[in-house]
Amino acid sequence: MRYSKFLAPSLRDNPADAEVVSHQLLLRAGFIRRVTSGVYDYLPMGLRVLRKIEAIIREEMNRTGAQELLMPMLQPAELWQQSGRWDKYGSELLRFKDRHAHESCLGPTHEEVICDLVKRELRSYKQLPMNLYQIQTKFRDEVRPRFGLMRGREFVMKDAYSFHADEDSLQEEYQTMFKTYQRIFTRLGLKFRPVEADTGSIGGSQSHEFHVLAESGEDLIAYCTHCDYAANVEKAVAKRDISVFDDAPSHHVDTPNITAVEDVATFLAIPEEQLIKTLLYHVVGGEYDGQVVAACLRGDDALQEIKLVRALAADEVMLASDTDLQAIHAVKGFVGPQDLTCKLLLDESLRDAKGMVVGANRVDQHITGFSVDCLDADFVDLREVRVNDGCCHCDEGHIEHARGIEVGQVFALGQQYTKPLDVLFQDANGKRAIATMGCYGIGVSRLIAAVIEQCHDEHGIVWPLALSPFQVTIITMGKSERVLENSKKLYQDLLNAGVEVLWDERKERPGVKFKDAELMGIPYHIVVGERGLDAGIVEIRRRAGEKHEIAITETVDSMLSMLEEKL
Ligand code: ATP
Ligand code: MG
């Protein structure tokens, strides 16, 4: 490709709306352009990277025997009604009517469509197991699309769906996919970590997410310093030293205008963990839909909202309003779990707790010497694990936190979709049975951003060779016939040798060309200049690495062996 004809518009300055480095560099180096919120054009270079990532994913998926197909973006409401997700999925699902007033949506994921396909084609257990995948554009009307390709509304996903005669076969495929994901992310040159995950709106019994470790990651991961345990904080559990307090007689005490946990603790001269904090939430979806619930934790713990949502089998929870509080006889700032007319959930760490302090449900008062055994409550895990908590899986390690970008997730779904969508087959005994299912996603376009978050320096992107839009760029210095002719010959020879090469023959100053080449992150730069030609040489520079002078006659061979070495 000749640069002067190539659509790769670079920008000198960081665009104002780009907060993270991958977004800045993708815009500055001319890989993407914004069309509207969370929706982007992939310019030729962006598309080249996307295709390379797709090729690696395809190769690794095909190696396992998975079969590629392509499903539509448009999906009929009926299938989603059958699975129960038409109402449940929330506003990320873009629903609309076509000209015949037929309700439809844009696919955020394809469990419904694949089940509908497989149910019509599956007859016998002999066809199982079967893993079908696609690489396709998804639409999710995200509340906060941001960080460029990291969280778009329209994005490219690899989604695979496997079908099985039984749970053992699903477990086998789950392990195969797990290992395949490790191979894929290793080939992409990423530092990543698989972690136990919440099953989210997709559902199922078991799930792992794959996280690229990066400060800009939106997810928080808890991991053990000693063993392999790692989990998204939405799911993570840990050991916590729990102090036991004396079973003192209960008293009302005045706490004028003192509401915050730390202020009450200071005022009463007690540790924060001796307080029970009672958080009130309004529930959406599930058995408690529209009701207020109370969630209690030790004063020094934080609630992990997703754990509360799961414990209630709800769609979401929202902080309760003042009206909600009045309805259950709670007094703002002085809420306690006793006497509330609502469902009560207590964190496991409060089991058998006594000698505690709670809000009195009266203005300016707390109660001391409180025991939880007077409460009619369910005990569940609600707290968010903290750094330095003990690991539950080994006795030696403790919990640390890291930030991660979720680039993939695998789910053992079981019969969550196959049952409502009637995916049946004839088993080995000739009986009709429900298929068992798994699903496995990779954020293909998000990976472009994730790679850049890990592979960049102050000058721009530093692509791993396998992903770079071009392997080599030729930088022609000066305008003389001689440098142009020599560059052109080298360009042709490299093309003929099958090298992906961008020839910068623009009438720009060398400084501009070097800057652009570094910004784009192409791994090898061949510099052709007057002085070098006088000596019969060109310079090969490795992006963010060493330089070599090579005889012009040997450039192609040297380049080929360098590419070979690094592949
Ligand atoms: P997140 O928690 O980041 O919203 P998710 O868990 O909802 O993602 P999945 O349903 O697991 O996403 O989708 C599979 C993969 O698709 C994710 O692991 C992620 O890499 C990618 N992905 C999901 N949402 C987006 C998005 N809005 N933009 C780009 N990639 C996305
Ligand atoms: Mg996910």
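Me: Buried means under 20% relative accessible area, exposed over 50%, and partly exposed in between, judged with a 1.4 Å probe and protein chains only. What makes helix H10 (residues 444-454) count as mostly covered?

Reply: This is a predicted model, in which local features need pLDDT of at least 70 and side-chain atom pairs count only at pLDDT 80 or more, while totals for chains, interfaces and linings use all residues. Residues are numbered from 1 along each chain as its sequence is written, chains are lettered from A and ligands numbered from 1 in the order in which they are written, and side-chain values use heavy atoms, with hydrogens and water left out. Within H10, 11 of the 11 residues are buried, including Arg-446, Leu-447, Ile-448 and Glu-453, so these four have relative accessible areas under 20%. H10 is a helix by DSSP, where a helix is a run of H or I with at least four residues and a strand a run of E with at least two, numbered from the N terminus.

Me: Why is the set of 61 residues called a nonpolar core, and where does it lie?

Reply: A nonpolar core is a set of buried Ala, Val, Leu, Ile, Met, Phe, Trp, Tyr and Cys residues joined through side-chain atoms within 4.5 Å. The largest such core has 61 residues, and those with the most contacts inside it are Phe-31, Ile-53, Phe-185, Leu-188, Leu-447, Ile-448 and Trp-463. Both domain 1 (17-210 + 413-452) and domain 3 (472-566), whose bounds come from an automatic or database assignment, give residues to this core, so it lies between them. A second, separate core of 29 residues includes Trp-80, Trp-86, Phe-163 and Ile-202.

Me: Which residues does Trp-463 touch, leaving aside its neighbours within four places in sequence?

Reply: Among the partners of Trp-463 are Phe-31, Val-49, Ile-448, Val-451, Met-520 and Pro-523, where contact requires heavy atoms within 4.5 Å.

Me: How do you know that Glu-142, Arg-151 and Arg-446 make polar contacts with ligand 1?

Reply: A polar contact is a pair of N or O atoms within 3.5 Å; within protein, one must be able to donate a hydrogen and the other to accept it, and residues adjacent in sequence count only if both atoms are side-chain atoms. A nitrogen atom of ligand 1 is 2.8 Å from an N or O atom in the side chain of Glu-142, while oxygen atoms of the ligand lie 2.8 Å from such an atom of Arg-151 and 3.0 Å from one of Arg-446; each pair therefore meets the limit. Taken alone, ligand 1 exposes 580 Å², of which the protein buries 87%. Strand E8 (154-164) and strand E21 (399-414) each give two or more residues to the surrounding shell, and E21 gives the most, with four.

Me: What makes Asp-364 partly exposed, and Asn-388 exposed?

Reply: Asp-364 has a relative accessible area of 26%, so it falls in the middle class, whereas Asn-388 reaches 55% and therefore counts as exposed. Asp-364 sits in the loop between strand E18 (356-359) and strand E19 (365-370), and Asn-388 in the loop between strand E20 (378-380) and E21. Although neither is a glycine, Asp-364 has a positive phi of about 60 degrees and Asn-388 one of about 80 degrees.

Me: What makes the bond between Leu-128 and Pro-129 a notable entry?

Reply: The peptide bond joining Leu-128 and Pro-129 is cis, with omega about -5 degrees. Most peptide bonds are trans. Pro-129 is found in the loop between helix H5 (111-121) and strand E7 (130-139).

Key. Accessible areas come from the Shrake-Rupley method with a 1.4 Å probe; for residues, only the protein chains shown count as cover.
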